Structure formats: C-alpha cells, structure tokens
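Me: I should like to go through the terms used for this model one at a time. Please set each value against its definition before concluding.

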Amino acid sequence: MNSLYEKYFNKPSIRDARKRRSSDTPRFSYQPQSHLGALGAGKTYMIKTYGCQGNEADTETMQGILQELAFSPTEDEQSADLIVLNTCAIRENAENRVFGEIGRLKQFKRHNPDLLLAVAGCMPQEESVVDKLLKRYPYVDLIFGTHNIHKLPYYLESAILAKERVIEVFSEEGAIVENLPKVRDHAYKAWVNIMYGCDEFCTYCIVPYTRGKERSRQPGDVLEEVQSLASQGYREVTLLGQNVNAYGRDFTKQDYTFAHLLEDLRRVPIDRIRFTTSHPKDLDAQTIAVLAKGGNLMPHIHLPVQSGSDAVLKKMNRHYTRETYLNCVDALRKHIPGVSLTTDLIVGFPTETDDDFMATLDLVKTIGFEGAFTFVFSAREGTPAASYPDDVLAVVKKERLKTLNEIVNAGYLAGNKRFEGQTVKVLVEGQSKSDPAILAGYTPHNKLVNFSGPADLKGQIVDVTITEAKTWFLKGRAV
Ligand code: SAH
Ligand code: SF4
Ligand code: F3S
C-alpha cells in the first residue's frame with residue numbers, strides 16, 4: 001500500500017484503548033464545512049446500521065452530516081454512490097455478518113467504479129479488523145471509528161476530490177462534540193446521548209475499547225436538546241449511555257448525577273422519557289426515588305443481570321451479587337408498582353457449570369423478567385475473558401440458550417397477559433409491518449400494541465383497551 005495516496009492513515013491499538021486519563025473531557029461545537037457544502041450534490045448514500053442504539057444514534061449523525069454536504073438518501077444499493085456500514089463488534093457472529101456484507105458489496109464496485117465503500121463504527125476500533133480489511137478487502141475506501149464521525153466531511157473530501165483512501169481510527173476518545181447535525185429516523189421518538197464510552201470493563205466486553213473513556217455531556221446540553229425535541233413535536237426520548245447510572249461521575253466541577261438529570265428532565269414538557277442501559281451496581285436509591293414520581297418517566301427498566309451465579313458474576317467483573325441484584329429489584333418494585341423489568345443474559349461464559357446455569361434459570365424465574373436479550377458468550381480479542389479457559393462445549397451452550405429462551409418467552413407472555421382487559425396509553429408510531437390497516441405503538445411499560453384505527457392517529461398518545469395478549473405483542477381496541 002502506498003501511503004502517498006493516504007493523507008489520513010491511523011490504525012487503532014487495543015492496548016491504547018484500555019488507557020484511562022482522569023482529565024476533564026474537552027468539548028467543542030461542530031462547525032458546518034460550508035466550503036464542502038456541494039460535495040455530495042447529485043450523489044446518493046445508504047447507511048447500514050448494526051449493533052446498539054448508540055450506533056443508531058451515530059447513524060443519525062452521519063445522515064445529518066451527509067445531508068449537510070448535499071448527499072441524498074437512497075434505498076437502492078445498486079445505484080448508491082456511497083455505502084456506509086456502521087458496524088458492531090460485540091460478538092463474533094455480528095462481525096462475520098459484516099465481513100460477509102463487505103464481500104457481497106464488492107460486485108457493486110464493479111458496476112460502479114466510483115462507488116465509495118465505508119466501514120465505520122465499532123469494528124474499525126479493533127486493530128485485528130483494520131488489518132483484515134487492509135489485507136482482504138482492499139477495495140474499502142474509507143475506514144473510520146467511533147471517535148471521529150465529526151471529521152466525515154474531510155474524509156469525503158479526500159476520497160471524492162483527491163481520490164485518496166482514508167483509514168483513520170483513534171484509540172483514545174477526543175472531545176465531546178456538540179451541535180452535530182442529525183437526521184433522525186423516527187418522527188415522534190428520539191435518541192439522546194447523555195454520555196459516551198464505558199469504564200466498567202466487564203471481562204467479556206469489547207465496548208470499553210471501542211467507545212473509550214466514560215464521559216458525560218453537560219446537563220445543560222442534554223436539557224436543551226430534549227427541550228428542542230419537545231418543541232419540534234417529539235413525544236418521547238430515550239437517554240443513551242452504556243451505564244446511564246454513572247452519568248456525571250466524570251464531572252470534576254459539579255456534583256450532578258443521573259438522579260439530578262432525571263429530576264430536571266421531569267420538568268421538560270416531553271411526554272415520555274426512557275433510558276438505556278442501567279448497571280445494577282450503580283442504580284441508586286436517589287434514582288429510584290425520582291423514578292417513583294412517575295409523570296413522564298416511564299415505568300420500564302432494562303437492567304442487565306448477565307448471570308444468576310455469583311461465581312460467574314465475579315469472573316465477569318460485574319461488581320454485584322445475585323442477592324444485591326434481587327435487593328435492587330425489590331426496591332424498584334416497591335417504589336414503582338407494576339414496573340416492567342427486562343434484562344440481558346449471557347450463557348456459556350468460560351467455566352460456567354450446570355449449577356451456575358441453573359442459578360441463572362432460577363433467577364430469571366424468580367424475578368419474572370418481562371423480556372430479555374439472551375446471548376451465547378463470544379470471546380473478544382483483547383478482553384480478559386478471551387483468555388479464560390473456555391471449557392463449555394458448543395452443544396451445551398446451544399442447549400442452555402434454548403432452555404433459557406423458553407423461560408424468557410414465558411416471561412414475555414406473562415408480562416403481556418397482565419394488561420389484558422386494561423386500558424393503556426399507546427404512543428402510535430405507525431402502521432403494523434404485516435398489515436397497514438393496523439396501527440402499532442408502545443405503552444408506558446414498553447409493550448407493543450396493535451389495534452385498528454385511522455392513520456392520522458400517528459404521533460398521538462391514545463387510550464387503547466387490551467383485548468388479547470400474545471407473546472410478542474398486545475391486541476387492542478381504541479377507546
Ligand atoms: N452497556 C450495556 C450493554 C452493552 S452490550 C450493559 O452493560 O448492560 C449488550 C449486551 O451484549 C450485554 O448486556 C451482554 O449481555 C452482551 N454481550 C456483551 N459482550 C458479549 C460477549 N462477548 N459475548 C456475548 N454477549 C455479550
Ligand atoms: Fe460492556 Fe459492561 Fe460496559 Fe456494558 S457495562 S458496555 S457490558 S463493559
Ligand atoms: Fe456494538 Fe459498539 Fe454498540 S460494539 S453494541 S455497536 S457500542
């Protein structure tokens with residue numbers, strides 16, 4: 001490879017990504033690149049998003065930047081001038097899907113030699129992925145990571161005007177960039193990042209390496225964004241962070257926590273506030289007390305437990321036990337009656353025994369989660385758990401996942417059943433995917449409801465009486 005043709009060439013390092021500095025995070029405001037404003041004129045783009053809500057929010061930023069540069073969106077990959085894969089590194093199968101997709105997209109470059117192919121998001125934050133891309137997928141034109149989305153205009157300038165290939169990934173986070181343009185995917189609900197990064201270092205997880213140090217946005221910036229969304233007609237916001245309960249922990253000049261933020265957001269005239277993800281070890285009494293006031297704070301908490309075995313939780317570096325988790329659930333149920341609880345679970349963590357797994361099953365039954373994302377452990381290069389002796393057979397892992405899912409699905413159904421005959425408030429988002437005559441929306445407890453009604457109810461919060469509970473949704477009748 002000839003570096004003369006690469007103005008930007010910066011590879012990541014997992015070792016550098018592990019470093020944490022305790023300095024205050026610098027902040028700056030994004031400036032539109034007016035001299036590049038016509039760069040995308042007459043060109044179309046398409047972004048494929050993988051992974052979590054954090055990535056969905058980043059995609060909305062990329063859309064904002066691209067449309068500011070006059071690119072227009074297309075659904076047609078045959079004719080797109082720019083295809084961006086916004087990738088996720090959380091498990092090996094997620095990565096394999098992306099590599100498969102990059103391979104498939106090669107044919108479009110043959111039809112359209114000017115097609116720009118970009119790989120962004122969490123995968124490029126791994127040095128092994130960048131090495132593989134350079135070696136096996138040399139036709140990828142742009143590679144950038146999670147810390148430098150705001151530089152996309154410059155990368156496109158290099159790629160389009162100078163025909164240079166761009167590989168730029170930073171291992172360490174930079175500043176928090178405010179005022180990034182966004183083109184949002186939903187009309188009534190919006191993602192709002194309240195913080196970036198993660199400092200937890202759960203031993204199985206790649207996120208602290210791909211997203212950098214935990215750093216919180218200023219309360220004023222968050223409040224202003226939610227305020228502005230409310231005045232644009234948005235009805236719901238979901239506050240995003242890998243551990244929202246650690247919000248503000250990095251502030252050195254003020255004592256302002258997640259509980260304070262929720263208290264201030266309660267007063268903003270937006271109908272619904274949700275948040276994800278909570279970490280059980282940091283969900284404190286102050287936060288529960290604010291949530292108990294209800295109002296626009298929705299009674300649904302996603303509280304990943306990962307395992308019901310203390311031995312496994314310890315090896316995962318989760319910093320709570322089965323007992324303290326149960327205490328947390330008791331406190332939530334006591335102060336927020338009827339709260340809906342969902343979780344994440346990993347089976348087949350290295351050395352997980354049958355007894356450990358039974359402890360997980362038992363915990364899931366005891367708590368009665370109303371939903372869960374379940375995963376088989378996947379070793380991520382550079383994380384501590386990748387070097388733990390993995391003695392659980394693949395067939396056993398598969399079997400455990402199946403057994404767990406049966407119980408989880410029973411929990412989904414029971415969680416829906418409790419609303420049969422009740423009248424609930426549904427934020428109508430649109431038509432059902434399978435039948436356009438049916439409207440679809442979510443309740444405060446985050447249950448999907450289908451009911452028939454006129455399309456102009458979209459964006460409204462309407463009363464619906466639940467007539468039947470299925471495992472994955474509720475059927476209802478508008479009141
Ligand atoms: N920050 C959130 C979730 C991040 S990733 C939290 O702490 O809860 C979402 C979920 O993916 C995790 O909760 C975990 O259940 C799962 N996960 C993360 N790394 C994994 C790995 N290496 N193998 C399998 N599942 C994993
Ligand atoms: Fe990963 Fe743990 Fe951070 Fe969640 S809290 S992102 S599981 S390291
Ligand atoms: Fe995946 Fe990155 Fe999110 S690894 S889960 S897209 S933070």
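**Ligands, cysteines and rings**

Reply: Ligand 3 lies between domain 1 (9–168) and domain 2 (188–295), because both give residues to the shell around ligand 3; the domain bounds come from an automatic or database domain assignment. The model is predicted, so local features need pLDDT of at least 70 and side-chain atom pairs count only at pLDDT 80 or more, while totals for chains, interfaces and linings use all residues. Residues are numbered from 1 along each chain as its sequence is written, chains are lettered from A and ligands numbered from 1 in the order in which they are written, and side-chain values use heavy atoms, with hydrogens and water left out.

Me: What makes a residue part of the surroundings of ligand 3?

Reply: A residue is near a molecule if one of its heavy atoms lies within 4 Å of it. The residues around ligand 3 are C52, N55, C88, A89, I90, C122, V207, R211 and Q242. They divide into six nonpolar, two polar and one charged, where Ala, Val, Leu, Ile, Met, Phe, Trp, Tyr, Cys and Pro count as nonpolar, Asp, Glu, Lys and Arg as charged, and the others, Gly among them, as polar.

Me: Which residues surround ligand 2, and how do they divide?

Reply: Ligand 2 is surrounded by C198, E200, F201, C202, Y204, C205, V207, P208, Q242, H279 and R318. The shell comprises seven nonpolar, two polar and two charged residues.

Me: Why is C122 called buried or exposed?

Reply: Buried means under 20% relative accessible area, exposed over 50%, and partly exposed in between (1.4 Å probe, protein chains only). C122 has a relative accessible area of 8%, so C122 is buried. C328 is likewise buried, at 8%.

Me: How do you know whether C328 forms a disulfide?

Reply: A disulfide is a pair of cysteine sulfur atoms within 2.5 Å. The closest cysteine sulfur to that of C328 is in C202, 15 Å away, and is therefore too far for a bond. By this rule the structure has zero disulfides.

Me: How many aromatic pairs does the structure hold, and what makes F349 and Y388 one of a given kind?

Reply: The structure holds 14 aromatic pairs. Rings of Phe, Tyr and Trp (its six-membered ring) pair if their centres lie within 6.5 Å; planes under 30 degrees apart count as stacked, over 60 as edge-to-face and the rest as tilted. The centres of F349 and Y388 are 6.1 Å apart and their planes are at 80°, so the pair is edge-to-face. F349 lies in the loop between β16 (340–347) and α12 (354–367) and Y388 in the loop between β17 (372–376) and α13 (394–417), so the pair ties together parts that are 39 residues apart in sequence. Helices (H or I, at least four residues) and strands (E, at least two) are DSSP runs, numbered from the N terminus. F349 is buried, at 0% relative accessible area, whereas Y388 is partly exposed, at 27%.

Me: Why is the pair of Y412 and W472 called edge-to-face or stacked?

Reply: Their ring centres are 4.8 Å apart and their planes at 65°, so the pair is edge-to-face. Y412 is in helix α13 and W472 in the loop between β21 (461–469) and β22 (474–478), 60 residues apart.

Me: Is Q31 buried or exposed, and why?

Reply: Q31 has a relative accessible area of 52%, so Q31 is exposed. Q31 is placed in the loop between β2 (27–29) and β3 (44–49).
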